[in-house]
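Colleague: I would like to go through this model with you. Please start with how far it can be trusted, then move to packing and polar contacts.

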Amino acid sequence: MSTVIQFAVLGLATGGLYVLFALGLVIIHRGSGVVNFAHGAVGMVGTFVYWELDKHLPFGLAALIGVAASGALGLAIHFLVMRPLRATAVLTRVIATLSVLAVLQEGMAKVYPGAPQVVTSALPTEPVRVLGASVGWDRLIILAGVLLTAGLLAAVYRFTQFGRATAAATENPRALAALGKSPDLLAAGNWVIGSALAGLAGIFLAPITNLSVTGYTLLVVPALAAAITGRLNSFPLTLAGGLLIGVLQSEAGRYITAPGWSEAIPFLAMLAVLVLRGNDRTSRTQLAQRLPSLGTGRVMLPVVAVLLVVTAVIVLQLQPEWDDAVTTTVGTALILLSLVVVTGYSGQLSLAQVGFAGWGAWVAGGLARSFDTPFPAAILIGALATLPLGLVLGAVCLRTRGVNLAIATLGMAVALDSLIFNNADRTGGGSFMVPTPTIAGLDIGAIVHPERYALVVLVVFAFCALAVANLRRGRSGRRLIAVRSNEKAAASLGIGVVQAKLAAFAVSSVIAGLGGALLAFRNPTIVFTGYGALESIQVVGFAVVGGVGWVAGSFYGGLLESGSLMGKLLDLLGPTVSSYLPLAGGVLLLAVLLTAPDGMAAQGREHLHQLLKMVRRPLRQPAIPDVEAAGEHRLAPGRLELEDVVVAFGGVQALGGVSLTVGPGEIVGLIGPNGAGKTTLIDAATGYVDATRGRVLLNGEDLTRTGAGGRVRAGLTRSFQALELFDDLTVLDNLRAASERRDTLAYVTDLVYPRTVPLTAATRAAIREFGLQPYLHRTPAELPYGVRRLVGIARAVATEASIVALDEPAAGLDDQETRELGELLRRLASEWGMGILLVEHDVELVMGLCDRVYALEFGKLIAEGAPAEVRSDDAVIRAYLGAEEPDLSTADKDVAEVNR
């Protein structure tokens, strides 16, 4: 028992230092909204500064300068990197911190390339008895200091003006700026404090773990695990999480004999927290954010064939070392191609792709070594073996999104590295001897015939690139991009969000496994040290530099890998110049994010556009489909019934027993002041919030426990007040995404043949009714606001739903546009037989258009009937049409705030 206590106390000390790292992450996130993946590297720089100065200065002074160095580095990161990117998407800012990590890690590795440094402790290390166990005084002092620091930080951020201002800046920076306080300076201050804490934790951790560039850079993983426990906000929960992780790691190191489990503990902790916590389904909308642009996926097969033949001829003429550089470039590009699918197309930032590549290499190498499996079969099985791994990670990531998803995938990369690639029991001492690869008896080994192996890799890449381009053009690609753009809007069209995310992980994992296996067989010995978490971070940077949304971007990114064609060119300048390529890649990534976030491939296409303009040959536009032949369209009749629906958020009842009916060919209005619960009612009807009580019926079928996608397929859909269009798709593809089949098999068949089926009758009729022919090949951002409103409604109509709920469709329209909208809605009801639930603030539109009207106040129904009856109702006049409002009870105020 004393041994358990001893290792628990030792773990508490280490966990306490994880807490310091994690508290720094929490402070930076609270102050700026950024999750700093470079946090461990920032602490590493400060610790190395301390280590150098400690040889000449007293401990206190050396430590103070080291902590200050980390704080100053955090300040520089804020002003030079994060501040210019503050208006960009979360994905872009996460990648920016990864670029900082790469620069710091590669730069410090050049300065300190050797083994980990042994650092002596400045604290007393004499043993002391604690509950019968012997532990050093230094561990107890560290633990006490961490507890004191956590308490002081919690007090500062709760009770001081600085702390309250930081919280206000997180909630609403514009409102804080209106009060005369600078959110930018507050963010800078929090970056300094958080980064200084990383330096402080690193200095005291060095005597426990030794000081190394890679080890300290990856300290961000346990720190992130602790911070996730505290939701990146809570100091007490972060403290508890960090201490628990430290104890579990310590006990695992003592009692689990299999190597790697101690390092995997943070990933398992993150996994448990993220899975148990799940997603917040109550959010009203997903804010539009600028994500990297996407290629069209259009392929000119004759041009591709010519390029492939020319490249093959050139490869056959190259010297062996240049052939190997081709293999490295193209093989890396294959791994980057997997990021085009999972990050470019579906918007999920995965930091586990090199881990997938290593898994494919491990399986393929093991088959070739142990079972003498032929090379093509080993490579194919190795690639397919990553499929279940990708599905498992995808399933985990279904419970989270955004930054948390990136954290989970990074944890997976660390776990694979510790449990497989750095586990001598799994890799036969760290490497595999594999037989020379052959195809149909032909020796293609890269040692004797590097040109043959390069051609094999090139052909495989060409087929995979074509498949990814096909996926982009197919209906499954439109689903992926719809989910990337806006999950709520995609679900409102019946697109399976879960299905799309899993498919993206599945396809990308297989491609990454294929690339990893091909790169592994270049040499007779497969070495697994190159499949670590830092390499996964590195390839994300390569992909973004090349253009993560573009197939061609994967090749551009592959040029940044060590040993690539770019590396060989740099070697012409000197024998060690190419060793700086990873560092240059990190710097280039920062430059790309700040100046050209769409990457080199997008820039290349823009230059092609400019060139074609100069010669007056614009790119050919797709033909506009003929919709004039679309005859009158009738929908299957539908009846929506809400029976005593109650919706509660926490202790606040947002809807209090509301019942209404919408029949076929009927327009039913829903009015009420702001905060009355109108949008909440639509959310409940269409499956975006769960009804606490009551039923939602469509044609008599109970859909109360059916998700949003299931309700669309049953015939009930909606539009959104904030439009929620898919800005990365053209208007035509927005409509196609709404009307195409939802078959799962398309994620496989589209890779081979992305067949585009003719537009449905409802889609053609919607295009004609809404007058969208001139805009079909333009993106929503290029359209006037009024046309974008029409596209949002037309997209809902294209689903062929019997009942459509429209959330303030006339918002922002002028009088003429509003009248035209009213006429259009009346035609949809009378000629199509569509039932429409209309939520609208324009009372004249509602009263002049609707067959019946319902009025809400504070989540409760106060009137219903014909428009004239509701208009003259005293309760409606008092609540909505301008009479003096009575004093509100606290409960009513809470309802209004929840519904707002």
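Modeller: The model is predicted, so confidence comes before geometry. Mean pLDDT for the protein is 88, with 94% of residues at 70 or more.

Colleague: Over residues 280-288, what is the pLDDT, and how many contacts does the stretch have beyond near neighbours in sequence?

Modeller: The pLDDT there is below 50, and the model gives residues 280-288 20 contacts beyond near neighbours in sequence. Residues 883-891 also have pLDDT below 50, with six such contacts in the model.

Colleague: How do I read the nonpolar core?

Modeller: The general idea is that nonpolar side chains tend to be buried together in soluble globular proteins. In this case the largest nonpolar core holds 242 residues, and the members touching the most others are Phe37, Phe521 and Leu772.

Colleague: Which residues does Phe521 touch, leaving out those up to four places away in sequence?

Modeller: Its contacts are Ala364, Gly365, Ala368, Phe375, Ile379, Val434, Pro437, Tyr453 and Ile526. Apart from the largest core lies another, of 27 residues, including Ala676, Leu716, Ala805 and Leu837.

Colleague: Now a charged residue. Where does Glu251 lie, and is Glu251 buried or exposed?

Modeller: Glu251 is part of helix H11, which spans residues 235-255. Glu251 counts as buried because its relative accessibility is 15%, and the cut-off for buried is under 20%.

Colleague: What does the side chain of Glu251 reach?

Modeller: The Glu251 side chain reaches the backbone nitrogen of Ala8, at 3.2 Å. Beyond four places in sequence, Glu251 touches Val4, Phe7, Ala8 and Ile256.

Technical notes. Residues are numbered from 1 along each chain as its sequence is written. This is a predicted model: local features need pLDDT of at least 70, side-chain atom pairs count only at pLDDT 80 or more; totals for chains, interfaces and linings use all residues. Side-chain values use heavy atoms; hydrogens and water are left out. A nonpolar core is a set of buried Ala, Val, Leu, Ile, Met, Phe, Trp, Tyr and Cys residues joined through side-chain atoms within 4.5 Å. Buried means under 20% relative accessible area, exposed over 50%, partly exposed in between (1.4 Å probe, protein chains only). Contact means heavy atoms within 4.5 Å. pLDDT is the predictor's confidence in each residue, from 0 to 100. Helices (H or I, at least four residues) and strands (E, at least two) are DSSP runs, numbered from the N terminus. A polar contact is a pair of N or O atoms within 3.5 Å; within protein, one must be able to donate a hydrogen and the other to accept it, and residues adjacent in sequence count only if both atoms are side-chain atoms.
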